[in-house]
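Dear colleague,

I am passing on the structure we spoke about, so that you can look through it at the bench. Please open it alongside this message.

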Amino acid sequence: MQLPNEIFIPEIARLVAEGKQVVFTPTGVSMRPFIEGGVDNVTLVQPEALQVGDIVLAEIQPQHYVLHRIYALQGDNVTLMGDGNLAGTEHCSRREVLAKVIAIHSPKGRNKPLTRAWLWRHLKHSRRLLLKIYRHTCI
């Protein structure tokens, strides 16, 4: 059974704010190829010391949540984009960042590398082709 995000995510945020680590399985394909939705698990902690390249859970509108990578930090403003997205960014404030990913776990029992994906962020114009290759060879 899958709980609606408006119930599930605030509970994750509460636990993380209490200092607990939370492991959950994100859904969707917006973080491909680094996180496979519905397959991989992520470990979340309090979002301290945010940096460009971090993967975070954020509330970008009331009760609308994303697990995306930080693309820019300017003062209190945070710009996010999913690794699997070809265009478009989301914006939030630092206080709307609810948690930070510290580990990505594959169902095979191993941790995936937690990369800042510097090169991937600079390949936005090539992503369509790279993601097509990924879908046809790795999934």
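Below I describe the overall fold and then the nonpolar cores.

This is a predicted model, in which local features need pLDDT of at least 70 and side-chain atom pairs count only at pLDDT 80 or more, whereas totals for chains, interfaces and linings use all residues. Residues are numbered from 1 along each chain as its sequence is written, and side-chain values use heavy atoms, with hydrogens and water left out.

The chain holds 3 helices and 8 strands (DSSP runs of H or I, at least four residues, and of E, at least two, numbered from the N terminus), and along the sequence they follow the pattern α-β-β-β-β-β-β-β-β-α-α. Of the 139 residues, 42% count as buried, meaning under 20% relative accessible area with a 1.4 Å probe, protein chains only.

The largest nonpolar core (buried Ala, Val, Leu, Ile, Met, Phe, Trp, Tyr and Cys residues joined through side-chain atoms within 4.5 Å) has 18 residues, and those with the most contacts inside it are I12, V42, L44, L57 and L67. At least two residues of this core come from each of α1 (5–17), β1 (22–24), β2 (41–45), β3 (55–61), β4 (64–74) and β7 (97–105). Leaving aside neighbours within four places in sequence, L67 is in contact (heavy atoms within 4.5 Å) with residues including P26, M31, I35 and V101. Another core, of 10 residues, lies apart from the largest one and has I70, V78, C92 and V97 among its members.

Best regards

How values were computed. Buried means under 20% relative accessible area, exposed over 50%, partly exposed in between (1.4 Å probe, protein chains only).
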